[in-house]
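Open the model in a viewer and keep the selection panel at hand. The stops below say what to select next and what is there.

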Amino acid sequence: MHKILLVSCLILSGIGFAQKRVLSYTPSNLPIFINKSGDTLSKALMGGLNQPQFQAVDLNNDGKKDLIIHDRSGGVILPYINTGTNDITTYEYQPNYVSAFPKIENAWFLLVDYDKDGKEDLWTKINFQPVLYKNITKPGDKMIKFFRTAPKLMAYNFGSPPLDSNNVSCDNYNYPTIADVDGDGDIDIFSYQANEGNLLFYRNMTVDYSLPLHPPVFDLADFCWGSFRDTAFDGIKVFPCAFKYYRKKHSGGSTLLWFDNDNDGDQDLLMGNAGGKNLIFLKNGKKDFGLSVDSMIGYDGHWPKGNTAVNIKSFPASYMLDADGDGVKDILVAPNQVEKAYPIEETEQVWFYKNTGSNTYPNFEFNKKNYFTDEVLDHGAFSDPILYDIDSDTDLDLILASNGDHAKTGDKNFRLILYENIGTYKKPVFKLKNEDLWGLSIDSIQYLSISFGDLNGDGKTDLLAGNAFGSLYFYKNIGSSSTWAFTTPVRDYHNIMVGERSTPQIIDLNNDGLLDLVIGEKEGNFNYFKNIGNKTDPKFVAVDDTLGNFIVNEVTGFDGVNPIYNWIGDANGEIADLDNDGKNDIIIGGDEGKVRRFKFDTYNQANYTEDTAIIFDSAFNRYSTTDFGTQSRPAIGDLDGDGIKDLIVGNNRGGINFLAGSIEILGITAIKKQNEPIVYPNPNHGSLLTIQKRGKQAYTFSLVNLTGKIITSSFSAAGAEMHQMDISKLSDGMYILQSEGADGSRSFTRVLVIKEN
């Protein structure tokens, strides 16, 4: 039985004339970026790609297939809307649709319709468990909707009760294939058994037992599907399986894609291997020889035969979809490797094989190596932006620190990329001018992060660079006001060492007329070094190693009451007056991938106050915490001339996002709504309810049924940002979550518990 109800929020009404001036940021596809040739980059501001996974799905429920890209670097979802051409290179990036998807870390991601309702369902791995999300989008919905069918996918095996079932096995590293392999009308799963080099076949038994297609019922039917074993990057042994079953009734890795290459009714396989550069094509001989089970009878170690074979640096994965809008499915190939023990291609890494045949008799021909990515601003990984007028023409230019693509540099000599503003201060147009500005790559800096300021009082802007070791490099400017040039760097500047991954800002923090230093570091804290020298001879003394008394960290779990934090913070940020109220703020990024703002009246106050309402999600008309991917790095500057500072955000994928700043005046109702906790998933499948608090004060959360009875309550301690409630024992229905803060504030949110029987 399916129960699908509409979600609504209970908004408290308020009487009064209270108002609040609120700074907010909204993702935007402006300003314009162009390459060296003068061509506009239509997908410049989507953050870059490293290990993209491509899937087609209708995101906005208009009947046309859109595109979802999941990038393993940071587990980022990138939605693209079909603008009418069906060619994915022309689709429009619309990040609002990210909120429809669960958070997926470094894992596989597939969209396959298992219940034949015409809507692709989501298969992935969450918290190390393979899971299935049913597509429950209804007519009239403006955005795709998913419902998690169970905590994890299970399968029957060869054991005796109670050991007759186990988790479906497919780790994060491998990439399974999910489709109807045996042609019986239900969807099966294949995963790679890394230690053995063979495929596990999880056969869907719903049709066999005349059951509804939902929910699927899997049986571990074969330990060695296809009667072959993978022995090397391009080596295959056929019929090697000593332990093999096939039940119709009842440190390496691989990426898998199967399709009927010769229209004979059985499925052939395309496979990539960890550490390998090639794709292997395996021919299924079941129909050719009238065999009772699928059996691979031959292979080509360098697909496609007779054409330009795949040669991606490490661990290629293949994806089949109509990429160019001609009605036949093509193949895109991209790297799946994230471990940098192997060379990782981070730019121009999407190989396009156009299908010049048909869907029944495909013929794949190599077209290009940078399909889709040639429209993306992407310089490898670890992009760290700064906005500064380096040519004295009164508008802001963009300088981007980057690794320059691991496959080319090995992450050993980061460099600066210059996008010069050839537009105006109100309508910027950024053109790529230099991909190794001032030749800094020769200094072999890793995790490069820079700041500008006149540190020696000669009237010229100098450069200070942070690095992987936590020290600073000082570059003295010996050029002119419009053409900068720098001396050989002074290493270990003033013997300052903050730990690993120093990210400096030059700023007069205490307003004494001297430039101080604020430096972030890997563990997530910001260090304050006060200048006790003078303008021409600065001397720095450490004053505070945890400025503002906050740490940049990501919640990775819960201990039952309080959140567990990732110890790597990778703090990066800038201090500036963001909303023109005469007081400085600090905008920060870090390994957690978010952008956060802390407010303070004076720099030396004990605790800075976090503003949790900063990124506006127009899809749900609410503020949310946007994930830009790991190692988010914000830069501040007014790029549209409205007097409100905007943000450029870099990340681990090598690209950038743009957030337009604005000031809103909120009434009392909007203020109350702004302070409500964010509750998800909602509707809930009946296991855990996650609550994102709007502030770090202590809260008591209570779930109340519609008769007013409190069903369950739990306490969230001060300082915790996230809280989870166990609701596995709740029955289906509507509940009210009452959130009561330590300051006496209250808010109420409707929560739907929906179970499927």
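**Starting at a strand residue**

Select isoleucine 564 to begin: its relative accessibility is 39%, so this residue counts as partly exposed. The model is a predicted one. Isoleucine 564 sits in strand β39, residues 563–565. Add glutamate 554, which is 10 residues away along the chain; the two C-alpha atoms are 8.3 Å apart.

**An open sheet**

Next, select β34, β35, β36 and β37. In that order these four strands make up an open sheet with antiparallel pairing. At its edges are β34 (503–507) and β37 (540–544), each of them paired on one side only. From one strand to the next, the twist averages 25°. Zoom in on β36 (residues 526–531) and β37, which are joined by four bridges in the antiparallel sense. Lysine 530 has valine 541 of β37 as its bridge partner.

**Backbone exceptions**

Most residues other than glycine have a negative phi, and most peptide bonds are trans. Stay with the sheet and select the loop between β34 and β35 (516–520), where asparagine 511 is found. Asparagine 511 has a positive phi, near 55°, and with 68% relative accessibility this residue counts as exposed. Move on to asparagine 580, in the loop between β40 (572–576) and β41 (585–589). Phi is again positive there, about 60°; asparagine 580 is partly exposed, at a relative accessible area of 41%.

Two cis peptide bonds can be checked next. One runs from leucine 30 to proline 31, with omega near 5°; proline 31 belongs to the loop between β1 (20–28) and β2 (32–34). Another joins tryptophan 303 to proline 304, with omega about -5°. Proline 304 is placed in the loop between β22 (296–300) and β23.

**The second largest pocket**

β23 (316–321) also leads to the second largest pocket, as one of the strands that each supply at least two residues of its lining. Others to select are β3 (52–57), β4 (66–71), β7 (109–112), β13 (177–179) and β19 (254–259). The volume of this pocket is about 1100 Å³. Its lining has 40 residues, and those nearest the centre are Leu111, Leu257, Met320, Leu321 and Lys329. Which classes make up the lining of the second largest pocket? There are 22 nonpolar, nine polar and nine charged residues.

**Salt bridges**

The structure holds 31 salt bridges. Select aspartate 411 and lysine 340, whose side chains meet in one of them at 2.8 Å, N to O. The pair links distant parts of the chain, 71 residues apart: aspartate 411 is in the loop between α1 (406–409) and β29 (415–421), and lysine 340 in the loop between β24 (330–335) and β25 (351–355). Aspartate 411 is buried, at 10% relative accessibility, whereas lysine 340 is partly exposed, at 31%.

Then select glutamate 592 and arginine 596, a salt bridge with its closest N and O atoms 2.9 Å apart. Both glutamate 592 and arginine 596 are buried.

For the next pair, select aspartate 611 and arginine 597, where the closest N and O atoms are 2.8 Å apart. Aspartate 611 lies in strand β43 (residues 609–611) and arginine 597 in strand β42 (residues 596–599), 14 residues apart. Aspartate 611 counts as buried at 12% relative accessibility, as does arginine 597 at 2%. The last selection is Asp115, Asp117, Lys119 and Lys134, joined into one network by salt bridges that share partners.

Terms used: Residues are numbered from 1 along each chain as its sequence is written. This is a predicted model: local features need pLDDT of at least 70, side-chain atom pairs count only at pLDDT 80 or more; totals for chains, interfaces and linings use all residues. Side-chain values use heavy atoms; hydrogens and water are left out. On a 1 Å grid over the protein atoms alone, a cavity is a set of points where a 1.4 Å probe fits but cannot get out, and a pocket is an open set with protein on both sides within 12 Å along at least five of seven lines; lining residues have an atom within 4 Å of a point. Grid points are joined across faces, edges and corners, and a volume is the space filled by probe spheres set on the points. Ala, Val, Leu, Ile, Met, Phe, Trp, Tyr, Cys and Pro count as nonpolar, Asp, Glu, Lys and Arg as charged, and the others, Gly among them, as polar. Two strands pair if DSSP finds at least two bridges between them. Axes are lines fitted to C-alpha atoms, for helices over the stretch in contact, and angles run from 0 to 180 degrees between N-to-C directions. Buried means under 20% relative accessible area, exposed over 50%, partly exposed in between (1.4 Å probe, protein chains only). A salt bridge is a side-chain nitrogen of Lys or Arg within 4 Å of a carboxyl oxygen of Asp or Glu.
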